[in-house]
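Reader: Please take me through the interior of this model, with a close look at what is enclosed there and what surrounds it.

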Amino acid sequence: MKPFLQPGEAHSISDSVMQRIVIDHRKGRPPAARHPEKAHRPDNLVQRKPDWIRVRAPNSPVYQETRKLIRDKSLVTVCEEAACPNIGECWSQRHATMMIMGDICTRACAFCNVATGQPAELDDDEPRRVADAVASLALRHVVITSVDRDDLADGGAAHFAATIRHIRAASPTTTIEILTPDFLRKNRALDVVIDAKPDVFNHNIETVPRLYPSIRPGARYYQSLRLLDRVKQRDPEIFTKSGLMLGLGEDRMEVSQVMDDFRIADVDFLTLGQYLQPTPKHASVARFIPPDEFDSYAAVARSKGFLQVSASPLTRSSYHADSDFAALKAARQQFLQRDVKA
């Protein structure tokens, strides 16, 4: 098998492989049942990907070992549920992003491939199983995310905190990054997660404010911004992180304004990646951003003072998260040393 998929193959082969994994994980559930809220919508054309978007086919032995471990522990990963294009590379390095609190989301974002519906009850044993998997994979750094759980009084905050505590006990040297929902209208829930002291607190803004009604209708831009600001206010030692998908119709000035908003909230780490349309029922790609434009955005972001910036067509929140965390720590140390000298 060729090590890389060519432009036409990237859609016909890699996407179909990832879709097959999702279907297998759901024990035969038809793909259309994942997004009932989108079923009535007209199809949007899924554009052919440009030649700069290529992914490795998931075929290595380590990939299969990682997949088996996830199955054996009855865990869910956002790698599969969101049909991440980097799954082959990441799982071949034993890097899997665990998705807690089930695989059904209470939101219905126009960009997301995670299934929508009524979630099941929380699995109280899940934090322990996640911690066991982290220890079995011998992870230096782990990313824990979740579906939105608007049905829960605390939005799942206590479940996040329990997962962090179990990982600390099972694998004390592993650094922990969390990617949380916005905890909209969940009073004091955020503080429960902050007080569990993750190393990195990530919450993605996803897109510019103008596009929220069509792309992220269940969320509020300024709620997400306040969340990131609150993390820093309560515990300045926690690194904060957020990201945008590009190619949904935003313009350069809007992206720059979001960067400025992030810096006001003292966000440390910015990720920028290309939006890829999961199915014809999801929001269309307005434009494929070429790599040189991502480089330009990264240069602008660094000039605004972010400690770490990751910007490329295939950048995702947890892509290369372990090496990025090491670079993030080093950048903070350099900043503190310069501050002392000044």
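Author: The structure holds three cavities of 30 Å³ or more (a cavity is a set of points, on a 1 Å grid over the protein atoms alone, where a 1.4 Å probe fits but cannot get out). The model is predicted, with local features needing pLDDT of at least 70 and side-chain atom pairs pLDDT 80 or more, while totals for chains, interfaces and linings use all residues. Residues are numbered from 1 along each chain as its sequence is written, and side-chain values use heavy atoms, without hydrogens or water.

The largest cavity has about 50 Å³ of space, a volume being what is filled by probe spheres set on grid points joined across faces, edges and corners. Val46, Gln47, Lys49, Leu276, Gln277, Val285 and Phe288 line the largest cavity, each having an atom within 4 Å of a point. This lining is made up of four nonpolar residues, two polar and one charged (Ala, Val, Leu, Ile, Met, Phe, Trp, Tyr, Cys and Pro are nonpolar, Asp, Glu, Lys and Arg charged, the others polar).

Next comes the sheet. It is open, with seven strands in the order 1-4-5-6-7-8-9 and parallel pairing; strands (E, at least two residues) and helices (H or I, at least four) are DSSP runs numbered from the N terminus, and a pair needs at least two DSSP bridges. Strand 1 (98–100) and strand 9 (308–311) each have a single partner strand, so one side of each lacks a neighbour in the sheet. From one strand to the next the twist averages 20°, where angles run from 0 to 180 degrees between N-to-C directions and axes are lines fitted to C-alpha atoms, for helices over the stretch in contact.

At the strand 1 edge, three bridges join strand 1 to strand 4 (residues 141–146) in parallel. Methionine 98 has isoleucine 144 of strand 4 as its bridge partner. Helix 5 (residues 126–137) packs on the sheet there, touching strand 1 and strand 4, and its direction makes about 175° with that of strand 1; contact means heavy atoms within 4.5 Å.

Strand 7 is mostly covered, with eight of its eight residues buried (buried is under 20% relative accessible area, exposed over 50%, partly exposed in between, with a 1.4 Å probe and protein chains only). On one side are Phe239, Lys241, Gly243 and Met245, and on the other Thr240, Ser242, Leu244 and Leu246. Strand 7 pairs with strand 6 (residues 200–202) in the parallel sense over three bridges, with phenylalanine 239 as the partner of valine 200. Six bridges link strand 7 to strand 8 (residues 269–274), again in the parallel sense, and threonine 271 of strand 8 is the partner of glycine 243.

Lysine 241 belongs to strand 7 (residues 239–246). Lysine 241 counts as buried because its relative accessibility is 1%. Not counting residues up to four places away in sequence, lysine 241 touches ten residues' worth of surroundings that include Glu177, His203, Leu228, Thr271 and Ser317.

Leu228 also takes part in a helix contact. Helix 9 (residues 221–234) and helix 10 (residues 252–264) pack at about 35°, their axes 9 Å apart. Tyr221, Leu225, Leu228 and Asp229 of helix 9 meet Val258, Asp261, Phe262 and Ile264 of helix 10. The residues of this contact divide into six nonpolar, no polar and two charged.

Note on methods. 1 Å grid on protein atoms, 1.4 Å probe; cavity = no way out; pocket = protein on both sides within 12 Å on 5 of 7 lines; lining within 4 Å.
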